[in-house]
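Colleague: I am new to this structure and would like to go through it step by step. Could we put the model up and begin with the strands?

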Amino acid sequence: MSMMSIRAATPRDREAIRLVEEHAFGQKAEAGLVDALVSGGDAVVELVAEEEGQVVGHILFSRLYVEHAGREFPAVALAPLAVEPAMHGSGIGGALVREAHLRLKQAGETLAIVLGDPAYYSRFGYERQRAAGFESDYQCDALQALAWGEAPEAGKLVYATAFGAELAA
Ligand SMILES: CC(C)(COP(=O)(O)OP(=O)(O)OC[C@H]1O[C@@H](n2cnc3c(N)ncnc32)[C@H](O)[C@@H]1OP(=O)(O)O)[C@@H](O)C(=O)NCCC(=O)NCCS
């Protein structure tokens, strides 16, 4: 029986996280995004999944602001989420998302945004409709939101600057 555990990422995990991201996405862009978000001070919740002392999964939520009616409302963006390919389908991704959500709620966060496959993220409560009113360069059917409390339904999504640098295209 496997002994997977989830914990907050630490500075000593950086290289292992980079490798999981590269393996999961088959490219270096997401690993670079993670490094830029963390070094920019934009990480809000960052967790790793460990199995037998090895980092096999990683999730990062970074600060995002909703600019609405002249105010900036703090929210979070889920990106990226990565699991070692050999371990896909064993519940690690889901466990990372659920644990991160618990911690975000405990910290008083009320709104999370994700750009990803609705077939996957809808199981965690993300809804396309909840994100449809936001203004964003990433606005499309894959943009979804999950609210745990009072949060804007309109306004401009302003991501951490690392997103522009790493994923603009
Ligand atoms: C997406 C990812 C993190 C899921 O991790 P995981 O540990 O395999 O996920 P879980 O075991 O918790 O869940 C597996 C379920 O999700 C489904 N799933 C995984 N990726 C999916 C996708 N892109 N679209 C729809 N369903 C997906 C699987 O079919 C499986 O379905 P089931 O529960 O009905 O059997 C992992 O596949 C991964 O690292 N992929 C490459 C990187 C990536 O695409 N990250 C997300 C970017 S937004």
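Modeller: This is a predicted model. A pair to begin with is E67 and E72, where E67 stands opposite E72 in β4.

Colleague: How many bridges join β3 to β4, and how do the two strands run?

Modeller: β3 and β4 form a hairpin, with two residues between them. A69 lies in that turn and has a positive phi of about 50°. The two strands run antiparallel, and the number of bridges that join them is eleven.

Colleague: Which residue in the turn between β2 and β3 has a positive phi?

Modeller: Strand β2 covers residues 43-51 and strand β3 covers residues 54-68; eight bridges join them, and they run antiparallel. One bridge pairs V45 with F61 in β3. The two strands form a hairpin with two residues between them, and the turn residue with a positive phi, of about 50°, is E52.

Colleague: Which residue of β8 stands opposite L64?

Modeller: Strand β8 is made up of residues 155-159. Four bridges join β3 to β8, and these strands run antiparallel. Opposite L64 in this pairing stands Y159.

Colleague: Turning to the helices, at what angle do the axes of α1 and α2 cross?

Modeller: Helix α2 spans residues 29-39, and α1 passes α2 in a right-handed crossing. The two axes come within 7 Å and cross at roughly 145°.

Colleague: How many of the residues in the contact of α1 with α2 are charged?

Modeller: From α1, the residues in the contact are I17, R18, E21, E22 and F25. In α2 they meet E30, A31 and V34. Four residues of this contact are nonpolar and none are polar, while the number of charged ones is four.

Colleague: Which element gives the most residues to the shell around the ligand?

Modeller: There are 17 residues around the ligand, and A24, H88, G93, G94 and G116 come nearest. Two or more residues of the shell come from each of α1 (14-25), β4 (71-83), α3 (92-106) and α4 (118-121). With four residues, the element that gives the most is β4.

Colleague: How many residues of that shell are nonpolar, how many polar and how many charged?

Modeller: The count takes in the 17 residues around the ligand. They divide into nine nonpolar, seven polar and one charged.

Key. Residues numbered from 1 in each chain as written. Predicted model: local features only at pLDDT ≥ 70, side-chain atom pairs only at ≥ 80, totals over all residues. Near = placed C-beta within 6 Å. Nonpolar A, V, L, I, M, F, W, Y, C, P; charged D, E, K, R; others polar. Axes fitted to C-alpha atoms, helices over the stretch in contact; angles between N-to-C directions. Left-handed = near helix turned anticlockwise from the far one by under 90°. Contact = placed C-beta atoms within 7 Å. Pairing = 2+ DSSP bridges.
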